[in-house]
Amino acid sequence: MTAITMTVNGKSVSADVEDRTLLVYFLREHLRLTGTHIGCDTSQCGACVVHVNGRAVKSCTMFVGQANGAEVTTIEGLAKDGALHPVQEAFRENHGLQCGFCTPGMIMTAVDMIRRVPDLDRARIRAELEGNICRCTGYHNIVSAIEDAAKKARSAA
Amino acid sequence: MIPYAFEYRRAATLAEAQTLFADAPEAKFLAGGQTLIPTMKMRLASPSRLIDISGLKELSFIRADANAVSIGAGAKHFEVAAEVKRAIPALAHLAAHIGDPAVRHMGTIGGSVANNDPAADYPAALLGLGATVKTTARGIAADDFFTGMFETDLEDGEIVTEISFPIAERAGYAKFPNPASRYALAGVFVAKTKDGVRVAVTGAAPCVFRAPDMEAALSESFTPEAVAGIAIDAEGLNSDIHASAEYRSHLVTVMAKRAVAAALQG
C-alpha cells in the first residue's frame with residue numbers, strides 16, 4: 001500500500017491504495033469519477049483518456065503511483081459553473097456521439113489536440129484520433145465536432 | 001485487468017534506481033510503461049518491484065550538434081518528434097508515428113530500446129543510423145545491442161541512459177502499421193551515411209535486422225527502383241494472425257522503396 005496524493009479536477013485527494021492500482025481504477029472506484037471509461041483494457045481504444053499534468057494519457061496504462069503528485073483532469077472537470085466546455089458543446093451541436101461510451105475519451109483527446117496543434121484540418125484530426133476507437137458513429141460527426149471547436153478556439157484566441 | 005501485486009518505487013537518481021534494483025529479487029525498471037504495463041495486465045510479466053525512472057532529470061535531454069543527436073533515455077516520443085525535426089527528420093517522423101498521441105506522451109526512447117519489441121519502431125532507427133546505446137556501464141553499438149526477441153545485450157540492472165545517433169546524409173523510414181495496435185507489421189529504415197548505406201527492418205522477424213542485399217543495391221544506386229526487385233526470404237519471418245511470412249516479405253520490399261523515396265525527399 002502506498003499513500004497517494006494528487007489533484008483531481010482542482011481538488012486535492014489522498015488515499016492509501018495497492019501499488020498495482022491503475023489510475024483508471026483509482027478514478028472510478030476510489031473517487032467514484034465514473035465518466036472515465038474502460039473499453040478495451042489493452043491500451044488501444046482511448047475510452048480512458050484523461051489529462052495528467054496537461055497531457056492526454058491512457059489512464060488504463062498508468063499506475064496510480066506514476067500520477068502521485070500530479071494534476072489530473074477527467075471529463076468531470078471540464079464543465080465550469082454548469083456550462084459545458086466548448087468541446088463538449090461542439091460534440092452536442094454536431095451530434096458527435098451515438099451510444100456515448102467512447103465520448104469522454106474522445107473529448108479529452110480533442111481538448112488536448114486543439115491545445116497542441118495550431119492548424120487542425122480534418123485529415124490531421126483523423127490522424128490525431130488514432131488512439132480513440134468509436135464503434136457507432138463512423139467518426140464523421142466526431143471529426144466535425146472537433147473541427148468546429150478548433151475553429152471557435154482559434155477565433156476566440 | 002489487474003496485474004499481479006508488486007511494489008512500486010520511484011527513484012530520485014540513477015544511483016538510487018540501481019540500489020533499488022539490486023535488493024529486490026525480480027525487479028524491473030519502469031519508464032513510460034506503454035509496453036510493460038499492458039504486459040503486466042495480461043499477467044505475462046510479474047515483477048516483484050517496479051522502479052520508476054521516468055522522472056529522472058539525468059535522462060531527460062535532447063542535444064544536437066553537426067555530427068550527432070544525443071537523446072536522453074527518458075525523452076518521450078512526442079519530445080523526440082518535436083525536437084529532432086531539423087537534425088534527423090526521418091527520426092522525428094518515426095517518433096511522431098509511434099502508437100498514438102496518448103502513448104507518445106508517456107513512452108520513452110530508452111524504454112522502447114531496452115524492451116526491444118520485435119515490432120517497435122525505434123530499433124530500426126538505431127540499427128539503420130548506426131547509433132550507440134549508452135548505459136550506466138558502457139557504450140554499445142546498435143549492431144551488437146539487439147540480440148533477439150525482447151532480448152538485448154543489457155546486463156541485469158544496467159540502465160540505458162542515452163542514445164547517440166550519427167547524422168546521416170539522407171535517411172527515411174516507412175512502416176505498414178497494424179491497424180489496431182499501430183505496431184509495425186513491417187518497417188524499414190534506410191540511411192545513407194558517410195560509412196555506407198544501412199537498411200534496418202523491424203516488425204517482420206523476431207528481432208530487428210539489417211538487409212545486406214538492399215544495402216549493396218542502394219550503394220550502387222540510391223533509388224527506390226534499386227530495391228524494388230529485392231525480397232527478404234520469407235523463411236524466418238514472423239507469421240501470425242496479422243500477416244503471413246510471405247506477406248511480410250512483400251511488405252518489406254514495398255516499405256524499403258517508400259523509405260528510400262522519403263529519404264530522397266527529406
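Two residues are taken to be in contact here if their C-beta atoms, placed from the backbone, lie within 7 Å. Keep that cut-off in mind, since the model is a predicted one and much of what follows is about which parts touch.

## Chain B: two domains

Start with chain B, where the domain assignment gives domain 1 (7-51) and domain 2 (59-265). Their C-alpha centres sit 25 Å apart. Where the two meet, 11 residues of domain 1 of chain B are in contact with 14 residues of domain 2 of chain B. So which element gives the most to the domain 1 side of that contact? That's helix 1 (residues 14-22) of chain B, with 5 residues. By class, this domain 1 side splits into 6 nonpolar and 5 polar residues, with no charged ones.

## Strands in chain B

Strand 3 (residues 49-52) of chain B has two partners to look at. Strand 1 of chain B pairs with strand 3 of chain B in the parallel sense, over 4 bridges. Strand 2 (residues 27-30) of chain B also runs parallel to strand 3 of chain B, and 4 bridges join them. Ile51(B) is a handy residue to click on: it is the bridge partner of Arg9(B), and it is also the bridge partner of Phe29(B).

Further along the chain there's an open sheet of 4 strands, in the order 11-12-13-14 (chain B), with antiparallel pairing. Its edges are strand 11 (170-177) and strand 14 (209-210) of chain B, each pairing on one side only. Strand 11 of chain B pairs with strand 12 (residues 184-193) of chain B in the antiparallel sense over 8 bridges. Within that pair, Gly172(B) stands opposite Val190(B).

## Chain A: the sheet

Over in chain A, an open sheet of 5 strands has the order 2-1-5-3-4, and the pairing is mixed. Strand 2 (11-17) and strand 4 (55-58) of chain A are the edge strands, so to speak the ones with a partner on one side only. From one strand to the next, the twist averages 40 degrees. Strand 1 (residues 2-8) of chain A pairs with strand 2 of chain A in the antiparallel sense, over 7 bridges; Thr2(A) has Val17(A) as its bridge partner there. Helix 3 of chain A packs on this sheet, touching strand 3 (49-52) and strand 4 of chain A. Its direction makes about 40 degrees with that of strand 3 of chain A.

## Chain A: helix packing

Helix 3 of chain A also packs against two other helices, and the table puts the pairs side by side.

| Helix pair (chain A) | Angle | Axis distance |
|---|---|---|
| Helix 2 (residues 86-93) and helix 3 (residues 103-116) | about 125 degrees | 9 Å |
| Helix 3 and helix 5 (residues 140-156) | about 40 degrees | 10 Å |

Are helix 2 and helix 3 of chain A oblique or parallel to each other? They are therefore oblique, and their crossing is right-handed. On the helix 2 side, Val87(A), Gln88(A) and Phe91(A) meet a helix 3 set that includes Thr103(A), Ile107(A) and Val111(A). This contact has 6 nonpolar and 2 polar residues, with no charged ones.

The crossing of helix 3 with helix 5 of chain A is right-handed too. Here Met106(A), Ala110(A) and Ile114(A) of helix 3 meet Ile142(A), Ile146(A), Ala149(A), Ala150(A) and Ala153(A) of helix 5. By class, that contact has 8 nonpolar residues, no polar and no charged. Ala110(A) and Ile114(A) turn up in the helix 2 contact as well as in the helix 5 contact.

## Chain A: two domains

The assignment for chain A gives domain 1 (2-77) and domain 2 (86-156), with C-alpha centres 21 Å apart. Their contact takes 15 residues from domain 1 of chain A and 11 residues from domain 2 of chain A. On the domain 1 side, strand 3 and strand 4 of chain A are the elements giving two or more residues, and strand 3 gives the most, with 3 residues. That side has 7 nonpolar, 7 polar and 1 charged residues.

## Where the chains meet

Finally, the contact between the chains takes 25 residues from chain B and 24 residues from chain A. Which elements of chain B give two or more residues to it? They are strand 1 (7-10), helix 2 (36-41) and helix 5 (101-104) of chain B. By class, the chain B side has 13 nonpolar, 6 polar and 6 charged residues.

Key. Residues are numbered from 1 along each chain as its sequence is written. Chains are lettered from A and ligands numbered from 1 in the order in which they are written. This is a predicted model: local features need pLDDT of at least 70, side-chain atom pairs count only at pLDDT 80 or more; totals for chains, interfaces and linings use all residues. Axes are lines fitted to C-alpha atoms, for helices over the stretch in contact, and angles run from 0 to 180 degrees between N-to-C directions. Angles under 35 degrees count as roughly parallel, over 145 as roughly antiparallel, 65 to 115 as roughly perpendicular and the rest as oblique. A crossing is left-handed if the near helix is turned anticlockwise from the far one by less than a right angle, and right-handed if clockwise. Ala, Val, Leu, Ile, Met, Phe, Trp, Tyr, Cys and Pro count as nonpolar, Asp, Glu, Lys and Arg as charged, and the others, Gly among them, as polar. Domain bounds come from an automatic or database domain assignment. Two strands pair if DSSP finds at least two bridges between them.
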